[in-house]
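Here are some exercises to help you find your way around a new structure. Try each task yourself before reading the worked solution.

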Amino acid sequence: MPAQRITRLRRARPPRVGLVLGAGGVLGGAWLTGALHAICTETGWDPGSAEYIVGTSAGSMIGSLLACGVPPWFMVAHSAGERPPLAEEAGFPLEAERSPGGTAYRLHLGLPALGPGSLRLAASSLARPYRHSPAALVAAWLPRGPFSTEPLKDAVRRVCPEGWAPHPNFWAMAVDYGSGQLVAFGREDSEPADLADAVAASCAVPGFFRPVEIGERTYVDGGVRSVSNADVLEQQPLDMVVVLNPMSSLHAGAPRTLGERAAYAIRRNAGRRLGNEARRLRAAGIETILIQPTVHDLDAMGSNLMNRRRRHDVMTTATETVTAHLRETDIGEQLAALPQGQALLVRRPPGALRRLPDFARLARGRFETGYPKRAAGAR
């Protein structure tokens, strides 16, 4: 959608925009944070003002913080070690040793799990393998992971102690571990859940984290179905969808080591899936913008996406590469033509972080005249 068309739409009504944040582990979340920071700083558009925010796995964690009013510039500053003394007054009682969205791994208390993680899904994969994605077939047979999702829940509870985000259409994508079906927590047709539980379910990588129980069902990482899940917005009344996908790339170099070969194969499959989803969105008349890691981002990430030591380096690199991408293509102009966000939600104020504004209040103000929730499939 050319910037001129967005400007014309803006005169008639605000363009309807969806934001998709893909999966990618710890370093995928870091890349998303840096990319969002670049978008805010370079264009003035507030990604949190998108009518729909869809997050999968790491994307659900970063998306939940964004939906609750944590601006990307604050995530970057906190990751760099800045600790504003009055953060609690701004609605963010963040622990000093952690960054927003950052968690420490903690072993699950209890006996180690043996055998398939989901007997029901494993049996279904034998009887009807064509009904499930390859990742779902593998996930069914993996044992339940040794790591607890409680630190993930704690990270979300620091900004949303209970209930759901103030954003009217934030969806956390997870997979029902019994049926293998995709679930969009936050959508009106989904199981009621607290935001912390839904995000933990979306991040529960099979074989690594324990599955998450919500209601009478058990859920795992939404990346089991797709690392992006952009096509869930196909039936929504949108003009544009912006997709940030850490696990695909147009710039992957030739793999050398075994780990690089595995990462290359995963990225290639993620890219193919994202391409199919983008075609579906475009066929529905929705302009679709894809932003993916460059070769510099891939070098910063390495092959282990759960490596917490590289987190801030990946974040910084993403800010630089996405800024360059916005300037070198018309994407920056397209996003700059969207309605500008509230200053404190898109750019860091000058000076040291001494007293923060009430970001949670600002986040609620995004939609004071805003978008009503719609039933799934409404257009």
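**Exercise 1. Find the strands that pair with β3, and say in which sense each pair runs.**

*Solution.* Keep in mind that this is a predicted model.

Step 1. Begin with strand β6 (residues 217–221): 3 bridges join it to β3, and the two run antiparallel. Within this pair, Ala 174 stands opposite Asp 221.

Step 2. Move on to strand β4 (residues 182–185), which is joined to β3 by 4 bridges and is also antiparallel to it. Here Ala 174 has Val 183 as its bridge partner. β3 and β4 form a hairpin with 5 residues between them, and Gly 180 in the turn has a positive phi of about 80°.

Step 3. Now look at strand β2 (residues 52–56), which pairs with β3 in the parallel sense over 4 bridges. In this pair, Thr 56 is opposite Met 173.

Step 4. Finally, check how covered β3 (residues 170–176) is: 7 of its 7 residues are buried.

**Exercise 2. Work out which residues of helix α6 are buried, and what they pack against.**

*Solution.* Step 1. Go through α6 (residues 134–141) and pick out the buried residues: Ala 136, Ala 139 and Ala 140.

Step 2. Look down the axis of α6: these buried residues fall within an arc of 100°, so they line one face of the helix. A general rule helps here: an α-helix has 3.6 residues a turn, so residues three or four places apart point the same way.

Step 3. Turn to the other side of α6, where Pro 134 and Val 138 are exposed.

Step 4. Ask what the buried residues of α6 pack against, and you arrive at α5 (119–127).

**Exercise 3. Trace the salt bridges of Arg 157.**

*Solution.* Step 1. One partner is Glu 150, with the closest N and O atoms 3.7 Å apart. Glu 150 is partly exposed, at a relative accessible area of 30%, and Arg 157 is partly exposed too, at 31%.

Step 2. Another partner is Asp 197, at 3.8 Å from N to O. Because Arg 157 lies in helix α7 (residues 150–157) and Asp 197 in helix α8 (residues 195–203), this pair ties together parts that are 40 residues apart in sequence.

Step 3. Put the pieces together: Glu 150, Lys 153, Asp 154, Arg 157 and Asp 197 are linked in a network of salt bridges. In the whole structure, a search finds 14 salt bridges.

**Exercise 4. Compare the surroundings of Glu 277 and Asp 297.**

*Solution.* Step 1. Glu 277 forms a salt bridge with Arg 273, their closest N and O atoms being 3.1 Å apart. Both lie in helix α9 (residues 258–283), 4 residues apart, about one turn of the helix.

Step 2. Check the accessibility of each: Arg 273 is partly exposed at 29%, while Glu 277 is buried at 1%.

Step 3. Next comes Asp 297, in helix α10 (residues 295–301). Asp 297 is buried yet has no salt bridge, and the nearest side chain of opposite charge, Arg 267, is 8.8 Å away.

Step 4. List what Asp 297 does touch, leaving aside residues up to four places away in sequence: Trp 31, Thr 317, Ala 318 and Thr 321.

**Exercise 5. Describe Ser 57 and Asn 229, which have a positive phi although neither is a glycine.**

*Solution.* Step 1. Recall the general pattern: most residues other than glycine have a negative phi.

Step 2. Ser 57 has a phi of about 55° and lies in the loop between β2 and α3 (58–67). Ser 57 is buried, with a relative accessible area of 5%.

Step 3. Asn 229 also has a phi of about 55°, and its place is the loop between β6 and β7 (240–244). Asn 229 is buried, at 0% relative accessible area.

**Exercise 6. Decide where to read the model with care.**

*Solution.* Step 1. Take the chain overall: the mean pLDDT is 86, and 84% of the residues reach 70 or more.

Step 2. Find the stretches of low confidence, including residues 93–101 and residues 371–379, where pLDDT is under 50.

Step 3. Apply the general advice: where pLDDT is low, the predicted coordinates should not be read in detail.

Definitions and conventions: Residues numbered from 1 in each chain as written. Heavy atoms only, no water. Buried < 20%, exposed > 50% of the residue type's maximum accessible area, 1.4 Å probe, protein only. Arc of directions from axis to C-beta. Contact = heavy atoms within 4.5 Å. Lys, Arg positive; Asp, Glu negative; His and termini not counted. Salt bridge = Lys/Arg side-chain N within 4 Å of Asp/Glu carboxyl O. Pairing = 2+ DSSP bridges. pLDDT = per-residue confidence, 0-100.
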